Amino acid sequence: MTHRPTEEPLRLVRPHPVGQTAAWRRPPEPGEVDPGVLGALLRRHGWQRRGGAAGRYGRWTPPGPGAGGTSLLVPESRAFPDSEDLLAEALLALSRSGTPSAREVLVSLAVPSDEIRWRRDVPTGPAGTVPWTVEEQLRSAARQTLLAGALATRARAGYYGARYRRSAAAVLENVLVGSAAGGRRLTAFVPVGTGRPLAVRLHQALYAAREAIDYQRATGGMDAFDGAVAAGVSRELTEALIALVRGTEGARIGVEWAPAAGVPEGCAAPAEAVEFSPGDLPVLREAGARYLREEPSMPVRITGAVVRMRRSGPRGEGSVRLRVIAGADIPHIRLTLDEESYRIAGHAHLVGLPVRVHGRLESRGGFRRLTDASGVEPVQVDEAERDRLMKSLQETAEITAFFEEACGGD
C-alpha cells in the first residue's frame with residue numbers, strides 16, 4: 001500500500017464557530033428561500049403534495065399518521081404574486097411544527113447541507129422497544145464513519161492511525177446531527193460550503209467498499225480492497241462499518257445532495273443508499289487487518305518540542321516524547337535516542353528550543369513511534385516562540401521529573 005500525501009433537539013458534534021452557529025440557529029427569511037428548494041426538501045423528508053393550483057402553488061402535508069389538518073401552501077416559483085406571504089406562512093408553520101422532519105427542513109434551508117443518513121435494522125422487544133445502548137452505538141458508528149471520510153479528504157492511506165486526526169476532526173466542527181430515532185435512524189447535515197468534499201469522498205468510499213466486498217464474496221480475492229484505497233476506503237472505514245452493522249439485521253448509509261447546490265461532479269443523482277449486512281462482517285474484518293498489516297512505515301523529518309525524557313540510568317540511551325510541531329500530522333511521537341542524541345535533546349529543552357530529527361514513522365502502534373532516529377539537532381526560534389514553548393512545557397506535570405533526570409546525569 002502506498003501513501004498519497006425521537007424528537008429531541010438537533011445537537012452539535014462539536015462547538016461551532018460563532019458565525020456558523022448563528023447561521024444554523026437563525027430561521028431562514030422568506031426572501032432567502034427558493035420555493036423549488038423548499039419543495040424538494042419537503043419531498044425528501046416525506047411530505048406529500050396533495051393538490052393545489054397547478055403552476056402556482058402546492059399543498060403539502062407532513063409524513064406519517066396524525067398529521068391532522070396541518071398543511072403548507074408552497075408557491076412553485078416567485079412568479080406567483082403572493083409567493084412571499086405564502087413562504088413566510090410556510091416557514092412559520094414549520095418552526096411551530098412538532099414533526100422532526102419539519103426541523104430538518106429548516107436546518108437545510110438555514111445552511112445548504114448535504115445529508116448523510118444512517119439506517120439500522122435493529123431487532124426490537126415488546127412494543128417496539130430497544131435497549132438504550134442501541135442509540136449510543138448508532139451515534140458512535142456514525143461519528144466513526146464521518147471521521148473516516150474526513151481522513152480520506154486529507155490523504156489516501158489504508159491505515160491512518162494517529163495521522164491527520166486533528167485536521168480531520170476540524171472538518172467535523174460544522175457538522176450537525178439529529179436525533180437517533182429509536183437507535184435506527186440518524187441524519188448528519190454537512191454544510192456544502194465547508195463539508196462537501198467530506199460528503200463526496202464518503203459517498204465514493206462507501207460504493208468502493210461495497211464493490212470490494214462483493215468481489216471478495218464472489219471470487220475469494222481481496223485485491224479489490226487495494227484499489228479501493230484510492231476512493232477513500234481504509235481500516236478506519238471498515239471499523240466504522242463493522243460498528244454500524246454489528247448486532248443488527250443490516251444497515252444502510254445514503255447521501256442526499258443539497259438541492260440548493262446541486263449534484264457534485266461525478267456523483268449519482270439521486271444517490272442510492274449503500275447496504276451492508278452481517279454477512280459482510282468477516283470480509284470487513286479481514287480487509288481491516290490487511291490494511292493494518294500492509295501500510296508501510298515512511299521516512300520523515302520531524303520538528304518537535306521535548307515534553308518527556310526517561311532512561312534507566314544516568315547514562316546510555318533513553319526514550320523521548322516529542323510534541324510534534326512540523327513534519328507529520330500527529331500530535332505526539334515517541335522515539336529512542338542514543339546517549340549523545342539524548343543529551344542534545346535535554347540541552348535543547350533546557351534552553352527552550354525544539355529539536356529536529358530524522359527517522360521512520362512506524363505504522364505499528366498507529367504511527368506514534370519514530371524508529372531509526374538520527375541527526376538530532378536543536379532548531380533556532382525567535383524569543384517570542386521560545387517563551388511560548390517554555391510556558392507550554394512548564395504547564396505540564398512532567399516538567400519536574402524531566403529537570404531532575406536531565407540535569408542529574410550529564
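## Helices across a small sheet

Helix H3 lies across strands S3 and S4, and its direction makes an angle of about 140° with S4. Helix H2 also lies across S3 and S4, running at about 135° to S4. These descriptions refer to a predicted model.

The sheet beneath this description is open and has three strands in the order S2-S3-S4, paired in the antiparallel sense. Its edge strands are S2 (48–49) and S4, each of which pairs on one side only. Strands in a sheet are joined by backbone hydrogen bonds, in either a parallel or an antiparallel arrangement. Between S2 and S3 there are two bridges, and the pairing is antiparallel. Arginine 49 is placed opposite tryptophan 60 of S3.

## Helix H2 and its ends

Helix H2 spans residues 35–44, and its buried residues are Pro35, Val37, Leu38, Gly39, Leu41 and Leu42. These buried residues pack against strand S3 (57–61), strand S4 (72–75), helix H3 (83–96), helix H4 (100–110) and strand S5.

The N-terminal end of H2 is capped by aspartate 34, which has a side-chain oxygen 2.8 Å from the backbone nitrogen of glycine 36. Just after H2 comes glycine 46, with a positive phi of about 90°.

## Serine 113

Strand S5 covers residues 113–120 and includes serine 113. Is serine 113 buried or exposed? Its relative accessible area is 1%, and buried means under 20%, so serine 113 counts as buried. The side chain of serine 113 also reaches the backbone oxygen of valine 111, at 2.6 Å.

## Glycine 327

Glycine 327 sits in the loop that links strand S11 (318–326) to strand S12 (332–337). The relative accessibility of glycine 327 is 47%; because partly exposed covers values between 20% and 50%, this residue is classed as partly exposed.

Which residues does glycine 327 touch, leaving aside those up to four places away in sequence? They are Val300, Arg301 and Ile302. Valine 300 is 27 residues from glycine 327 along the chain, and their C-alpha atoms are 6.5 Å apart.

## The chain as a whole

The protein chain contains 13 helices and 14 strands. It has 410 residues, of which 48% count as buried. The accessible surface of the chain is about 19,100 Å², and carbon and sulfur atoms account for 51% of that surface.

How values were computed:
Residues numbered from 1 in each chain as written. Predicted model: local features only at pLDDT ≥ 70, side-chain atom pairs only at ≥ 80, totals over all residues. Heavy atoms only, no water. Helix = DSSP H or I, 4+ residues; strand = E, 2+ residues; numbered from the N terminus. Buried < 20%, exposed > 50% of the residue type's maximum accessible area, 1.4 Å probe, protein only. Areas by Shrake-Rupley, 256 points an atom, 1.4 Å probe, with all protein chains shown as cover. Polar contact = N/O pair within 3.5 Å; in protein donor to acceptor, adjacent residues only side chain to side chain. Contact = heavy atoms within 4.5 Å. Pairing = 2+ DSSP bridges. Axes fitted to C-alpha atoms, helices over the stretch in contact; angles between N-to-C directions.
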